[in-house]
Structures are given as structure tokens and as C-alpha cells.
Amino acid sequence: MTIALRRRLLAEFTGTALLVTAVVGSGIMAATLSPGDVGLQLLENSIATAFALAALILVFGPVSGAHFNPVVSAADWFLGRRAGTGLTGQDLAGYVVAQITGAIAGSVLANLMFDLSAVTWSSRDRSAGHLWLGEVVATTGLILLVFALARSGRAPVAPAAVGAYIGAAYWFTSSTSFANPAVTIGRAFTDTFAGIAPASVPGFVLAQVVGLAVGVGLLAVLYPDAGRAADQVVVPIDEDAAVGHRR
């Protein structure tokens, strides 16, 4: 990790903010354009989110790796610590703070773009066991995907692969695949299609942590040396950019 931490944190903050702006903003637009048709609203929301996520990984990945997600960062730190790769403990703390604050800022930005109050606490209850199970599945799959790509030398395809996975997981999980504690927290700040009631946030975050543990456990069996590729998660940091900065 040769790029200055402040630059990486700015990339994580901005990338996560724009991701949540895309999730919330497309949800508001979908509800406006397709009133009364929840299936069509979800299709519009999922397509916009998948495309936006892929684009944001391309933009910010060379600077920070484009984690945009505390569970990805936590897995990166945990798996890389023995091999001396990936995030340090200080990096992890900074990444998580940047991601959470970015997610909140993204939700506020989306609200303001659509002429809503900056903060409108969501009233959409998502507290149920089957939804939590959906979050475990979605998060486990995400962790497996990003680390398997890095370990097998296919990290350059991560923008398309991760975007496609999240877009698909909107449909095959009961929870519509939040799979991200920062995004979950951010989405509590908007009472729109993509919102989640603040009281439902702890259950989702806990399920995502369980998914993290399951994903790391599976990686330990399937890819025992996955930690060696932690510097390639989600995509490799651009060493040319780092060299240019040092000069």
C-alpha cells in the first residue's frame, strides 16, 4: 500500500457516497417513473446499481482498491495479516469510517437531488429472519467472489464481476442484497424506495458480519493462501499513480 492513506480514504469516502447516491437516487426515480409496479422498480434500481458499482470500481479502484464496504475491508485485513499484505489495522479503521460517513453523505445527496429533506429517516421495516438469512448469503458470496478473483489473478475483471453479482443478488436474495454495513447505515437516512428503518439496521449488519465469517471460513478451505493476494482486493492499486505521487 504505497499510496498515501489520506488519498485512499478520500477515494473510499467518495466512491461509497456515489454508490449510495446511485442506489437511493435510482430507487427514487424508479418509484416516480413506475408507480405501483414494485417489480419494475426493483429492476430499474438493480440495473442502475450494478452499472454504477462497476463504473465506480473502475474510477476509484486504482487509488484505494475500491472496497466501499467494511466487510470487504475487514476480510482484507484479516486474511492479509499473516502474509503482510492488504490493509493494516490503521488502514482498516480509516476505511470503515470513510465508508460509513461516505454512505451517509451519499444518501443525503440523493435526497437533496430529488428535492427531499436532507435527512428523512426511513420507515421501511426489514426485520425478519428470512431477510437476515438473505444478507448472510449475499455477503458470503461477495467475499468469496472478490477474494477468489484476486487469488486467481483475475482482479482486473472485478468491476464487471462485482457489479453483475450485486445486480443478480438483488433478485436471488430475500433482502435484495445490501451486503454492506456502510450502505445499510446510509440507507437509513432516506424514507424512499431503497430505505431501511433504523431499527432494522442492527439485524442486517449482524447478518453481514456472519456472512463475513462464513465467507472467510470458506476461503480458508478453498483458497488457503488467499491472504497473499490481499493487495489485489477489490482491484489492484495502481503503482504508477503511487510513483507519480512520490515524485
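**Entry 1: Thr176 and its loop.** I began with Thr176, which is buried, with a relative accessible area of 17%, a value that falls under the 20% limit for that class. The model is a predicted one, and I kept that in mind for each entry below. I found Thr176 in the loop between α6 (158-172) and α7 (181-186), and I noted that Thr176 has a positive phi of about 60° although it is not a glycine. I marked this down because most residues other than glycine have a negative phi.

**Entry 2: other backbone values of interest.** I then looked up Phe68, which is found in the loop between α2 (38-64) and α3 (70-80), and read a phi near 55°, again a positive value in a residue other than glycine. Phe68 is buried, with a relative accessible area of 2%. Asp115, just after α4, takes a positive phi of about 60°. I also checked the peptide bond from Val233 to Val234, which is cis, with omega near -10°; Val234 is placed in the loop between α8 and α9 (239-246). I recorded the bond because most peptide bonds are trans.

**Entry 3: the nonpolar cores.** I asked myself which residues of the largest nonpolar core touch the most other members. Of its 49 residues, these are Ile57, Phe68, Leu142, Ile143, Phe147, Val162 and Val234, so the list includes both the positive-phi residue Phe68 and Val234, the second residue of the cis bond. The helices α1 (5-33), α2, α3, α4 (89-113), α5 (129-151), α6, α7 and α8 each supply at least two residues of this core, and the largest share, seven residues, comes from α5. For Ile143 I listed the contacts, leaving aside its neighbours within four places in sequence, and obtained Val71, Val72, Ala75, Leu212, Gly215, Val216 and Leu219. A second, separate core has eight residues, among them Ala128, Leu131, Ala188 and Phe189.

**Entry 4: Thr184 in α7.** I placed Thr184 in helix α7 and read its relative accessible area as 0%, which makes Thr184 buried. With neighbours within four places in sequence left aside, Thr184 is in contact with Phe178, Ile196, Val201, Phe204, Val205 and Gln208. Val201, Phe204 and Gln208 are also among the buried residues of α8.

**Entry 5: the two sides of α8.** I wanted to know which residues of α8 are buried, and the list reads Val201, Gly203, Phe204, Ala207, Gln208, Gly211, Leu212, Gly215, Val216 and Leu219. These buried residues pack against α3, α5 and α7. I set the list beside a general point, that an α-helix has 3.6 residues a turn, so residues three or four places apart point the same way. I then turned to the surface, where Leu206, Val209, Val210, Val214, Leu218, Val221 and Leu222 make a nonpolar patch of about 610 Å². Val221 lies in helix α8 (residues 201-222) and is exposed, with a relative accessible area of 66%, a value over the 50% limit for that class.

**Entry 6: helix lengths.** I checked two helices against a rise of 1.5 Å a residue: the 25 residues of α4 should span 36 Å, and its end C-alpha atoms are 36 Å apart, which agrees. For α8, the 22 residues should span 32 Å, and its end C-alpha atoms are 31 Å apart, which I also entered as agreement.

Note on methods
Residues are numbered from 1 along each chain as its sequence is written. This is a predicted model: local features need pLDDT of at least 70, side-chain atom pairs count only at pLDDT 80 or more; totals for chains, interfaces and linings use all residues. Side-chain values use heavy atoms; hydrogens and water are left out. Patches are made of residues with over 30% relative accessible area and no salt bridge: like charges are joined within 9 Å, nonpolar side chains (Val, Leu, Ile, Met, Phe, Trp, Tyr) within 5 Å. Accessible areas come from the Shrake-Rupley method with a 1.4 Å probe; for residues, only the protein chains shown count as cover. A salt bridge is a side-chain nitrogen of Lys or Arg within 4 Å of a carboxyl oxygen of Asp or Glu. Helices (H or I, at least four residues) and strands (E, at least two) are DSSP runs, numbered from the N terminus. Buried means under 20% relative accessible area, exposed over 50%, partly exposed in between (1.4 Å probe, protein chains only). A nonpolar core is a set of buried Ala, Val, Leu, Ile, Met, Phe, Trp, Tyr and Cys residues joined through side-chain atoms within 4.5 Å. Contact means heavy atoms within 4.5 Å. The expected span of a helix is 1.5 Å times one less than its number of residues.
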